[in-house]
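The following exercises concern one protein chain. Each task is followed by a solution that proceeds step by step.

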Amino acid sequence: MSGVPGTVAVVGGGTMGAGIAHVFLAAGSAVVLAEADAERAAVGARNVAASLRKAEERGKLAGTAEEALTRLSTVESLGALPVETALVVEAVPENLDLKRAVFTEVAQRCPEAVLASNTSSLSITELAQGLPGERVIGMHFFNPVPVQALVELVVHAGLPAETVAVVRGWAEALGKTVIEVRDSPGFATSRLGVAVGLEAIRMLEEGVATAEDIDTGMRLGYGWPMGPLRLTDLVGLDVRLSIADHLATQLGARFAAPQLLRDKVARGELGRKSGQGFFTW
């Protein structure tokens, strides 16, 4: 497959970062996975390898996982990223200051790189402040990245059309469908997805129906591949709570998180990653 960057850096080797690394490796890029220390870098690399091997077993990978993994490397410092890196995708936790710190260091190290944030809700306009804004874009992938077909590009006012076109081409070269959204709270997908998810939680809290029946209603009645409560489990209840709180400050009380969501997060019931959320995993 042609049209992908020669060298891509992915900052953060968690679920999303590993998935993003997977799709660029599968498309032919060299990928450098950046983590905070050797142990985390090793875990991230193992996550990428497991994802690629699973895809190969299912017949979803052109070539072999081992061939793709020859193009994967890790670093424990942003200062060790290759200077010629064309694209840097950050997949660190949803904290504006953290993301800006990552991009500040990367912008100096990789002077030509596009700086793409995988944020699902934070303002790209605010993220770009103090940075070379003409290189900062939102590139929102969806979990699981190798399976989900969508990439949401988030465009702020200082972003040249040429940069948007280049990043769109890269995403389409991954086999993704691209939607373009003006920078606004929650963009398009998180805003709608969180709104439905929060209402489903309120319905469960009020005893309207069971979690299973609420999800079945949306799957069979509206054609959702997964119900909003199971999807919340997949995303992470803590992640969804954080996004809801952010949207509530920007868009008002309609995004106020139900107490049930807060209680579950306080108990450590975070969804699939903890084994218990609205469902048992």
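**Exercise 1. The packing of helix H9**

Determine which elements the buried residues of H9 pack against, and characterise the helix and its end.

Solution. Step 1: the buried residues of H9 pack against H7, helix H8 (211-222) and helix H10 (237-251), where contact denotes heavy atoms within 4.5 Å. Helices (H or I, at least four residues) and strands (E, at least two) are DSSP runs numbered from the N terminus. The model is predicted: local features require pLDDT of at least 70 and side-chain atom pairs pLDDT 80 or more, while totals for chains, interfaces and linings use all residues. Residues are numbered from 1 along each chain as its sequence is written, and side-chain values use heavy atoms, with hydrogens and water left out.

Step 2: in H9 (residues 228-235), the buried set consists of Pro228, Leu229, Thr232, Asp233 and Leu234. Buried means under 20% relative accessible area, exposed over 50%, and partly exposed in between (1.4 Å probe, protein chains only).

Step 3: Leu231 also belongs to H9, but its relative accessibility of 26% classes it as partly exposed. Its C-alpha atom is 9.3 Å from that of Gly193, a residue 38 positions away along the chain.

Step 4: after H9 comes Gly236, which has a positive phi near 115°.

**Exercise 2. Two helix contacts of H7**

Describe how H7 is oriented against H10 and against H11, and which residues form each contact.

Solution. Step 1: the axes of H7 and H10 are 11 Å apart, at an angle of about 110°. Axes are lines fitted to C-alpha atoms, for helices over the stretch in contact, and angles run from 0 to 180 degrees between N-to-C directions. H7 is therefore roughly perpendicular to H10; angles under 35 degrees count as roughly parallel, over 145 as roughly antiparallel, 65 to 115 as roughly perpendicular and the rest as oblique.

Step 2: H7 contributes Ser190, Arg191, Gly193, Val194, Gly197 and Leu198 to this contact, and H10 contributes Arg240, Ile243, Ala244, Leu247 and Leu251. The contact of H7 with H10 divides into 6 nonpolar, 3 polar and 2 charged residues. Here Ala, Val, Leu, Ile, Met, Phe, Trp, Tyr, Cys and Pro count as nonpolar, Asp, Glu, Lys and Arg as charged, and the others, Gly among them, as polar.

Step 3: for H7 (residues 189-205) and H11 (residues 259-266), the axes come within 8 Å and cross at roughly 90°. H7 is thus roughly perpendicular to H11. On the H7 side the contact involves Leu198, Ile201, Leu204 and Glu205, and on the H11 side Gln259, Leu260 and Leu261. Its composition is 5 nonpolar, 1 polar and 1 charged residues.

Step 4: Leu192 lies in H7 as well and counts as exposed, because its relative accessibility is 61%. From Leu192 to Glu269 the C-alpha distance is 23 Å, across 77 residues of sequence.

**Exercise 3. Backbone features in two loops**

Locate the cis peptide bond, and state what the phi of Phe187 is.

Solution. Step 1: the cis bond joins Asn143 and Pro144, with omega about -5°. Pro144 is in the loop between strand E6 (136-141) and strand E7 (150-155).

Step 2: Phe187 is a residue other than glycine with a positive phi, near 55°. The loop containing Phe187 runs between strand E8 (177-182) and H7. With 4% relative accessibility, Phe187 counts as buried.

**Exercise 4. A glycine in helix H1**

Is Gly17 buried or exposed, and which residues does it contact beyond its neighbours within four places in sequence?

Solution. Step 1: Gly17 is placed in H1 (residues 15-27) and is buried, its relative accessible area being 1%.

Step 2: leaving those neighbours aside, Gly17 touches Val10, Gly12 and Ala91. The C-alpha atoms of Gly17 and Ala34 are 9.5 Å apart, with their positions 17 residues apart along the chain.

**Exercise 5. The whole chain**

Compare the radius of gyration with that of a compact globule, and summarise the fold.

Solution. Step 1: a compact globule of 281 residues would have a radius of gyration near 19 Å, and the protein agrees, with 19 Å. The radius is taken over C-alpha atoms, and the globule rule is 2.2 Å times the number of residues to the power 0.38.

Step 2: the protein contains 11 helices and 8 strands, and 51% of its 281 residues are buried.

Step 3: of the contacts between residues at least 6 apart in sequence, 66% join residues at least 24 apart.
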